[in-house]
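Colleague: Please take a close look at one part of the architecture, namely the way the sheets are put together and what packs on them. I should like a single connected account that a first-year student can follow.

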Amino acid sequence: MVFVPQLAFVERKALEYELGQHLLNKIRQHNIPIEIYERRLPSVDPNLTARERFFHFKRTLVVGIWRRREFQTCKPSAHYQLPLVSGCPGLCQYCYLHTNLANRPYVKVYVNTDDIFDRAQKYITARKEETVFEASATSDPIAVEKWTGSLRRAIKFTTEVPNTRLRFVTKFADVDTLLGLDHQGKTEVRFSINAHWAMQRFEQGVPPVRKRLEAAACIQKEGYRVGILIAPIFMFPDWQREYDSLIQDVAKTMPTAPLTFELITHRFTMRAKAVINDVFPESELPLAEDERQLKYGQFGYTKLVYRREQMKELESFFQDRIKTLLPKAEILYFV
Ligand code: SF4
């Protein structure tokens, strides 16, 4: 399931970089219409509805320059975000990107990766202890890896710089470009999966969970650290049986792997709810505010999470099932 955009915006300055030229050639080979822009992206047709605008952007690739001075922090997953890509061509209704990329959900890849790695090096030097970078805080980087090769570069970077590790998570299964690399065990690839109930209703434009688990087993055989993200966890009528079956599938696929688990319950912001209502008006996502409790997020916005008692019930269920079915696995966090 390789992303093939229907339109590409390429920043003129990006063409001064090898990756920018490489992408321009690749886009041309695919006969994808290209617009070269200066620093500001061209505006889209103002007559498009919010839904049309969303799908238009989701099919658009932007090739640009990373210009921020600092990386954002990334708790609890890592110390810092590694900004190689932002956005994702997937169409998951519950996507966490609805909050931050609501007005511009295009996939943007940054071509000045040397500048990004130089900046990463400065953080590593300043911290003087192991520094972990998360490459998927605002994207699913595997979705565009066949275009950019930026994750391969990041994996190589970690092998050349002491005291650093890389992590990223994906719902895609196109991991063949990561095979055969000398990663030295410093990269952790996590696969995001969910119960059949959620996958069927809310995940579009991404491969089925079965394919993601096959990719996870393949990556594990390559010696990478492998993790499983169950996210977002929902409470639905048959949730215990379905999540139990999901964890059993993980155990069957990777019975002996030293796995980590990250468990993230469903949450939403009011901004995301507005986007979902505009873009997926028929969605069955549980978005009733009066059934949730408020939680303050690390970037200043509030989100609505399951109530305390429900959180306790979910946490104890997942702790129990993972410990029973995969006794060697480590649960990194439940939120
Ligand atoms: Fe969002 Fe992840 Fe789905 Fe992409 S794969 S749309 S980042 S939830």
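Modeller: An angle between two elements is taken here between their N-to-C directions, on a scale from 0 to 180 degrees, with each axis being a line fitted to C-alpha atoms. The model is a predicted one.

Let us begin with the sheet of 5 strands. This sheet is open, its strands follow the order 2-1-3-7-6, and its pairing is mixed. Strand 2 (34-37) and strand 6 (85-86) each have a single partner strand, so they stand at the edges and one side of each is left without a neighbour in the sheet. As background, strands of a sheet pair through backbone hydrogen bonds, in either the parallel or the antiparallel sense. Within this sheet, strand 3 (residues 60-64) is paired with strand 7 (residues 107-110) in the parallel sense, over 4 bridges. To find this pairing on the screen, look for Val 62, which stands opposite Lys 108 in strand 7.

A helix accompanies this sheet. Helix 1 (residues 18-29) lies across strand 1 (7-11), strand 2, strand 3 and strand 7. The direction of helix 1 makes an angle of about 155 degrees with strand 2.

We may now turn to the other sheet. It has 8 strands, is open, and runs in the order 4-5-8-9-10-11-12-15 with mixed pairing. Here strand 4 (73-74) and strand 15 (330-334) are the edge strands; each has a single partner strand, so one side of each is left without a neighbour in the sheet.

It is instructive to walk inward from strand 4. Strand 4 and strand 5 are antiparallel partners, paired over 2 bridges, and a hairpin of 3 residues connects them. Thr 73 is found opposite Tyr 80 in strand 5. The loop between strand 4 and strand 5 contains Pro 76, and the peptide bond that joins Lys 75 to Pro 76 is cis, with omega at about 0 degrees.

The next step leads from strand 5 to strand 8. These two strands run parallel and are joined by 2 bridges. Tyr 80 appears again at this step, for it stands opposite Phe 133 in strand 8. Tyr 80 therefore serves as a landmark on both sides of the walk: it is opposite Thr 73 as well as Phe 133. 

Beyond this, strand 8 (residues 131-134) pairs with strand 9 (residues 164-170) in the parallel sense over 4 bridges. Thr 131 is opposite Thr 164 in strand 9.

Helices also lie against this second sheet. Helix 4 (residues 113-127) lies across strand 5 (78-81), strand 8 and strand 9, at about 150 degrees to strand 8. Helix 11 (residues 308-325) packs on the sheet as well, touching strand 11 (225-233), strand 12 (260-265) and strand 15, and its direction makes about 170 degrees with that of strand 15.

Two details of the backbone complete the view. In the loop between helix 4 and strand 8 lies Lys 128, whose phi is near 60 degrees, a positive value in a residue other than glycine. Pro 232 lies in strand 11, and a cis peptide bond joins Ala 231 to Pro 232, with omega at about -15 degrees.

Finally, a word on the surroundings of the sheets. The structure holds 1 cavity of 30 Å³ or more. Its lining includes Phe 54, Lys 58, Cys 95 and Leu 97, and helix 2 (50-58) and helix 3 (97-100) each supply at least two residues of that lining. Cys 95 and Leu 97 are also among the residues that surround the ligand, and Lys 171 is another member of that group. By class, the shell around the ligand has 7 nonpolar, 1 polar and 2 charged residues.

Note on methods
Residues are numbered from 1 along each chain as its sequence is written. This is a predicted model: local features need pLDDT of at least 70, side-chain atom pairs count only at pLDDT 80 or more; totals for chains, interfaces and linings use all residues. Side-chain values use heavy atoms; hydrogens and water are left out. A residue is near a molecule or strand if one of its heavy atoms lies within 4 Å of it. Ala, Val, Leu, Ile, Met, Phe, Trp, Tyr, Cys and Pro count as nonpolar, Asp, Glu, Lys and Arg as charged, and the others, Gly among them, as polar. On a 1 Å grid over the protein atoms alone, a cavity is a set of points where a 1.4 Å probe fits but cannot get out, and a pocket is an open set with protein on both sides within 12 Å along at least five of seven lines; lining residues have an atom within 4 Å of a point. Grid points are joined across faces, edges and corners, and a volume is the space filled by probe spheres set on the points. Two strands pair if DSSP finds at least two bridges between them. Contact means heavy atoms within 4.5 Å.
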